[in-house]
Amino acid sequence: MAIIQRPAAFAVGILMISAASAQTDPGVRGGAINGQAGATATNPVPLASVTANTPQGVLEFFDDGLDRFQEVDAVAGNGLGPRFNFNSCSGCHSQPTIGGSSPSINPEARVIAAGIVSGATNSIPAFITTNGPTREARFPFFFNANGTPNTSAPNGGVESLFTVSGRADAGNCSLQQPSFTLAAQANNLIFRIPTPLFGTGLVQNIDDSTLLANQAAQVGNGLGIGGNFNRNGNDGTIARFGWKAQNKSLDLFSAEAYNVEMGISNETFPQDRPLPGEEVLGGGLPANCLNLAAKGYPEDITHFAATASSDPFTQNASIPSDVIAFSMFMKFLAPPVASTTTPGGATSISHGSALFNSIGCSVCHTPTIRSTQPSNVTPSLGNAPVAAFSDFEIHHMGTGLNDNVSQGNAGGDQFRTAPLWGVGQRVFFLHDGRTSNLLTAIRAHASSGSEASTVVANFNSLSAASQQDVLNFLRSL
Amino acid sequence: MHARRSRHRVSGSSLPGSVVGLLLLCLIGSSESAAPTPPNPPGKVPEGVILVKGAWSSASDSVTPLPEGGTVTSREYNSPYFHLSYPISSGWIQQYAGPPPSESGYYVLAQIQPPDAQKSASRGTVLIAAQDMFFTPSPAKNALELVSYTSSHLRADYVVERQPTEVRIAGHSFVRLDYVSPVATLHWAVLATQIRCHTVQFTFTSTDPELIEHLVKEMSAMKLPPEAGLASGAGGGDAPLCVKDYAGGGNVLNRVDPIFTDRRYNPIPVRVVIGANGSVKHIHFVSSFPEQAKTIATALRQWRFKPYVINGKAVEVETGILFGTPPNKALISGRQDPQLVPARRQAPTWLTAVSLCSSMARRMVFRPTAKHEQTSGPGSSPSTTAPVVSSAMRWAASTFSMRKSLERRSRSGRSARLAIYTQASSRPSTIYAAR
């Protein structure tokens, strides 16, 4: 018995030594939220000039936007649905604080228990789990009548997870959820998780010429990296928000999300949104699911008269629509602040940063774009560096990350370089939240057709200690 | 090399120009209606296949070799286009094929590394790439200049170990640049030569300098075309001569501009082979959407060129044309000019392409620049095959339309600025959702 146990114990010891020396993702960084003094889980920090209330009144627009961003919407009164993914912005944009990405505990998994949707008419899709990421779902292709995917008919639109059917405030609206089980069986189902919103006002305020100059500086990178911009179809200028950089501005981003994720019509998207199949093949939403808020359209509008003094904010801040208030909130959110010591210590982080640049990660994940154009809104938005770790280009990411969804000029395998500021306190990675492990996320960048394969090979060529330094550096952001 | 070759090609290189043109049109037209790869197994979307593509490469026939059409076997990388073969180090493999060509004409031809690179003792990579010198965003004119440009633009993270230096490999001139990342202890050796007006570049990367030297030595078994050299690679022999900017000025006897009705803001680099008779013989869309390729092919088949003559004999010539709007001025090499004012659009493009600065718009419309005038057609060469709208007609029409439009807006009290914005915003968006 002892003879058998001894080698086993030895082997376990070897494994433990091996595991201890191998590189590992340090996990979500602790300490100050977003690296900012004063930030809490429900109170993100605005830009410095917004905190200073420059110009006069801007801080109340931020506070009002934060308040509305957390508003829990119902059908009656707000116009939630009839199809939607969740009933508040902050439910999904909350890690590590309001305005962030997916939280570790998924509120979408509790919509029945919380009474947000009726369990009699809705079920929780299998890909929505308590400890998984908040997700939206898409079917890359429409289905044939026999239930098989028609790969000649690209779809790609959002398939809302839930319906208001069965809610007390939804009248006799009767809608079914999309066939997620069928879609999964047909491998015709992809996901997106929320993009974090910190610092997006700075991103919006970068002139195209600055981004083009950064692109030109990467010529001859010798790493197999090309890259181009997703351009706004109306005027050809650079779009920069969303997983495929499909949205030009925060106003558009905000309006579309309010309509698509929460089902609330607004001044930019003035109708309730059916599923892509309902729109293209089924004639739109049924009449008994329209105008459920009984106040006409759009459901979210500019308030032409300021609200009463009971409103906690100034009368000025109460006038814009929710969409504009959300946009203001996002625009004024301060970017995360990197730690210089956590995790792994200053030496490791500094070394990891140098390695990140040397092996080629920074060709796409440009550490800092210099700088924003002058701002007519608030001083902190103007003439400022943008340490987003992104070139805001779209790149081919190969078969491994391809989702077969086209948005604007981006094809199925093309994605915006995900900004890495704040990645140290994110829980889920990649566009579909497939992993919580940074190392897995890095290696997923390599596949056939990816521009990043050579850079990943460079990363793999580093020693385990150096790879650990890169991971520590990333978790310091 | 999955998906590196166009699925829509035809053998038509020996057919008369008009027939080839017709086939081009039909074939490229079919690229829109042709179904993507069918599901396999039936009823499922295939794993690991990019079915919904953005701008991608394609060609007008399936016979003419393409830069991205090389193959990687266990023994060699072989490129019929470059007439090149490179022996792969024993046991090394291509684990991942490269991305499609970029919109600036950059190709990843092959990526070679040891199997299971994460565990291999000899870690390193070989990246074989090519830059089409007709479309390079750099000011370089040849391989030597491009590598020198790379050397002079290396970031502070790297230290140059060998300045760009001419070396002889397999009987041909290459330029070699070595640099190292001290912090990563990673070494790079870049060896480049020019073939068919492309800089073909071999980049060796490893923490082990001896491994790199070993890989460089193995290059001596390469096979290269006679033209390969630092600046000499301009086609010839079995390949057409390549001539930059041949599709401009007086070389174009008849020209019909493509009219993009949908996507308009991506650069579309196109290489064309012009036959000895002056007609377009082959089109390679380096990066384009299918509908753009169709539109360009329809236009190009009507172009006629002055035959390229050497020693009194007309020969085939290959050149580059950049359609669409280039993202920056550095990309204008070989560009096809008239995208600011394409022909036969009901709404002048400036209404949508130009910023809201109405004064700029007025300048552009009322006072065409020399560039506009140059680009709006071969005024000296009457069309013989198509109802080409002359530059003068187009400008007259757009100017008249603009003046009338401004007059109307002025009378109605609306500013031109507002009117332009309205026009520009009227196109439907293809955006689906915020994330």
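Biologist: Before we count anything, what is a helix or a strand here, and how many of each does chain A have?

Modeller: Helices, at least four residues long, and strands, at least two, are DSSP runs numbered from the N terminus. Keep in mind that we're looking at a predicted model. With that definition, the secondary structure of chain A comes to 18 helices and nine strands.

Biologist: OK, and what is the radius of gyration of chain A?

Modeller: Start from the chain length, 477 residues. A compact globule with that many residues would have a radius of gyration near 23 Å, and chain A agrees with this. Its C-alpha trace spans about 75 × 60 × 45 Å along the principal axes. The radius of gyration of chain A is 23 Å.

Biologist: What share of the residues in chain A is buried?

Modeller: A residue is buried if 20 or more other C-beta atoms lie within 10 Å of its own. Taking the 477 residues of chain A, the buried share is 60%.

Biologist: Among contacts in chain A between residues at least 6 apart in sequence, what share joins residues at least 24 apart?

Modeller: Picture two residues whose C-beta atoms lie within 7 Å: that's a contact. Leave out pairs that are not at least 6 apart in sequence, then ask which of the rest join residues at least 24 apart. That share is 70%.

Biologist: How far apart are the C-alpha centres of domain 1 and domain 2 of chain A?

Modeller: The domain assignment gives domain 1 as 16–38 + 196–247 + 335–476, and domain 2 as 73–195 + 250–301. Where they touch, domain 1 of chain A gives 22 residues and domain 2 of chain A gives 25. On the domain 1 side, those residues divide into nine nonpolar, ten polar and three charged. As for the C-alpha centres, they lie apart by 28 Å.

Biologist: Now the two chains: how many nonpolar residues are on the side of chain B that touches chain A?

Modeller: The contact takes 73 residues from chain A and 72 residues from chain B. Elements giving two or more residues on the chain B side include strand E5 (106–112) and helix H2 (143–152) of chain B. By class, that side has 25 polar and ten charged residues, and the nonpolar count is 37.

Biologist: Last one: which residue in E4(B) is the bridge partner of B:Glu76?

Modeller: Three strands of chain B form an open, antiparallel sheet in the order E2-E3-E4. Strands E2 (71–72) and E4 (84–87) of chain B are the edges, each pairing on one side only. Strand E3 (residues 76–79) of chain B is joined to E4(B) by four bridges. The partner of B:Glu76 in E4(B) is B:Pro87.

Methods: Residues numbered from 1 in each chain as written. Chains lettered and ligands numbered in written order. Predicted model: local features only at pLDDT ≥ 70, side-chain atom pairs only at ≥ 80, totals over all residues. Nonpolar A, V, L, I, M, F, W, Y, C, P; charged D, E, K, R; others polar. Pairing = 2+ DSSP bridges. Domains from an automatic or database assignment. Rg over C-alpha atoms; globule rule 2.2 N^0.38 Å. Buried ≥ 20, exposed ≤ 12 C-beta atoms within 10 Å, placed from the backbone.
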